[in-house]
Amino acid sequence: MKKIKFILYGLLPLLMGCNRDFDAPNPNSLTVEQFWQSQNDAVRGVNAVYSGLHRTPLYGRWMFYHTSLRSDEGFGSGGDIGLNNLMSFVQTDYNQNLTAGTWADSYVVIWRANQVLENVPGITMDETVKRRLLAEAKVLRALMYFNLVSLFNRPPLILRSVLTSDTPSNATPEQVWAQIQTDLTEAAPDLPLRYSGDDLGRVTRGSAYGLLGKALMQQRKFQEAQTALAWFITGEGRDVYRLMPNYRDNFIITQENNTESVFEIQFAQNNNETTDDDTQEGAVINVGASLPQFLAPRGVGFSDGAARRWMIGEMQKERTTTGARDPRVEASFLYDSTDVRGPSQTLIYGQTFASRYGTGPDRNSVWFRKPLNDHWKNEEGFRSPNNYRLIRYADILLLYAECLNELGRTTEAYTYVDQVRQRVGLARLTTAQPGLSQAQFRTQIKHERVTELSGEGQRWFDLQRWGELTEANLPALRARDPEFGSFTLNKSAYYPIPQSDLDLNPSLSQNQGY
């Protein structure tokens, strides 16, 4: 089994909120001038950028909370009251770690990327490798800004190493999106189509174009998005990606970085780890994800986050061409009928649902399955090696179909939805619902993205792009997810900027409504 481990070596991260003189040299560490000397230093510097993605406030755990639990897909279901309130759009502490930690750690990754972009150009080394490493840093910086602008709306746009005396102001969303586009457009040509060996898992040209297409779709720049996404369809990416024959193979550890994978966050199991904090010099770092321990069903994990049952109903609206249930139900959720034969045949980590939960309080519970390890373990832990699938080719196909429809090319859009449906045995949409209008096709795309992408951290971005977080659409959201009863217009669509940052930086202003 593979695992590329992006571990921090020899770089000091951007730290916030502690009593330390950041201008004083650390006698135990290399200085910037001492470190950036060789190609090996450049590689290690970029590896440090990747390493930041493992951190708990990012893809190690909390990004799933922000993008799936906060949406109408899920909710806080355990004993973490702070998490439960946050997922219910109730936040009174603007320094709450779940939001302030994600903000701060995103800037840790950005700071590391900026270090690479400032220092690697001056190193004498193989020029092709140099361009690739700089491109990797740009893609990872763009990813962080994609998340920051989507979650906080007006983050500072920092493109160089910061000093403690710096007081950057809020950027506009338009400025942040423009920089994301610039980074990804510049990066794409210098990235390879594929990797192998120890480099498997680094961002590729497809990663850059996929994230670019998503960024343009979020801005509803459909003509530009069509150009970016067409790279996968008619461009040089057309022979790189294809759908896996078995849908479930996209979420198990033996099929990671497969032909459907466009962008994966890499995790590995390190049983000797001593900390999740990769800023601790000399520590043995956890490069696994703790998310499964917090999402797994009660009795196995903490069940801090659960899924809404309406998604199962959405998947059961159609049967396959052989009359079977959509296989994505079983692949996506653990609940009383993950096995279509019911609770007595449904296995939850080696025990039947009936024996674990019977008629107890969890008899109607539904848990997200895709990030979990029940396919090879009877327990969870804090070191999951299961990768976070950030962008799949199926997502690209559905985005491309959505884009074409918004451009008035509905008839052309059908074929890309057909590919996704046929993979799981459903009839082609061309046959099942021919001749849809643009508005009808838009509604159908929303259905298709639920059935294909539930529990993959895409839903919050979809709701934003579709304009669902508005007064007209709140009744439907509340019907699917009662937590939206606390959603406040012109406030709850974004998190508050951490109060600690506002206190330290007079150039920042708070988001509307807070």
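In which helix is Ala394 found? Ala394 belongs to helix 15, and its surroundings are described below, after an account of the whole chain. The model discussed in this report is predicted.

## Overall form

The chain contains 21 helices and eight strands. Its C-alpha trace extends over about 65 × 50 × 50 Å along the principal axes. The radius of gyration is 22 Å, which agrees with the value near 24 Å that a compact globule of 514 residues would have.

Of the 514 residues, 62% count as buried. The chain exposes about 19,800 Å², and carbon and sulfur atoms supply 48% of this area. Among contacts between residues at least 6 apart in sequence, 70% join residues at least 24 apart.

## Nonpolar cores

The largest nonpolar core comprises 138 residues, and within this core Tyr59 and Ile180 touch the most other members. Helix 7 gives the most to this core, contributing 16 residues. Once neighbours within four places in sequence are set aside, Ile180 is in contact with Ala142, Tyr145, Phe146, Val149 and Ala215.

A second core, separate from the largest one, has five residues. Among them are Tyr247, Ala331, Val424 and Leu426.

## Aromatic pairs

The structure holds 27 aromatic pairs. In one of them, the ring centres of Trp103 and Phe152 are 5.1 Å apart and the planes stand at 75 degrees; planes over 60 degrees apart count as edge-to-face, and the pair of Trp103 and Phe152 is therefore edge-to-face. Trp103 lies in helix 6 (residues 97-119) and Phe152 in helix 7 (residues 127-152), so this pair ties together parts that are 49 residues apart in sequence. Trp103 and Phe152 are both buried.

The pair formed by Tyr400 and Tyr416 is also edge-to-face, because the ring centres are 5.0 Å apart and the planes are at 80 degrees. Tyr400 lies in helix 15 (residues 393-406), while Tyr416 lies in helix 16 (residues 410-423), so the pair ties together parts that are 16 residues apart in sequence. Both Tyr400 and Tyr416 are buried.

## An aromatic cluster and charges over rings

Trp103 and Phe152 also belong to one aromatic cluster, which is formed with Tyr107, Tyr145 and Tyr495. Tyr145 appears again among the contacts of Ile180.

In two places a charged residue sits over an aromatic ring. Lys377 lies over the face of Trp376, 5.4 Å from the ring centre. The charged end of Arg480 is placed over the ring of Trp310, at 5.2 Å from its centre.

## The setting of Ala394

Is Ala394, the residue named at the outset, buried or exposed? Ala394 has 0% relative accessibility and therefore counts as buried. Ala394 is found in helix 15, the helix in which Tyr400 also lies.

Not counting residues up to four places away in sequence, Ala394 touches Leu243, Glu260, Val420, Arg423 and Glu452. Val420 and Arg423 fall within helix 16 (residues 410-423). Which distance separates the C-alpha atoms of Ala394 and Tyr241? These two atoms are separated by 9.7 Å, although Ala394 and Tyr241 are 153 residues apart along the chain.

How values were computed
Residues numbered from 1 in each chain as written. Predicted model: local features only at pLDDT ≥ 70, side-chain atom pairs only at ≥ 80, totals over all residues. Heavy atoms only, no water. Phe/Tyr/Trp six-rings, centres within 6.5 Å; stacked < 30°, edge-to-face > 60°. Helix = DSSP H or I, 4+ residues; strand = E, 2+ residues; numbered from the N terminus. Buried < 20%, exposed > 50% of the residue type's maximum accessible area, 1.4 Å probe, protein only. Lys NZ or Arg CZ within 6 Å of the ring centre and 35° of its normal. Rg over C-alpha atoms; globule rule 2.2 N^0.38 Å. Contact = heavy atoms within 4.5 Å. Areas by Shrake-Rupley, 256 points an atom, 1.4 Å probe, with all protein chains shown as cover. Core = buried A, V, L, I, M, F, W, Y, C linked by side-chain atoms within 4.5 Å.
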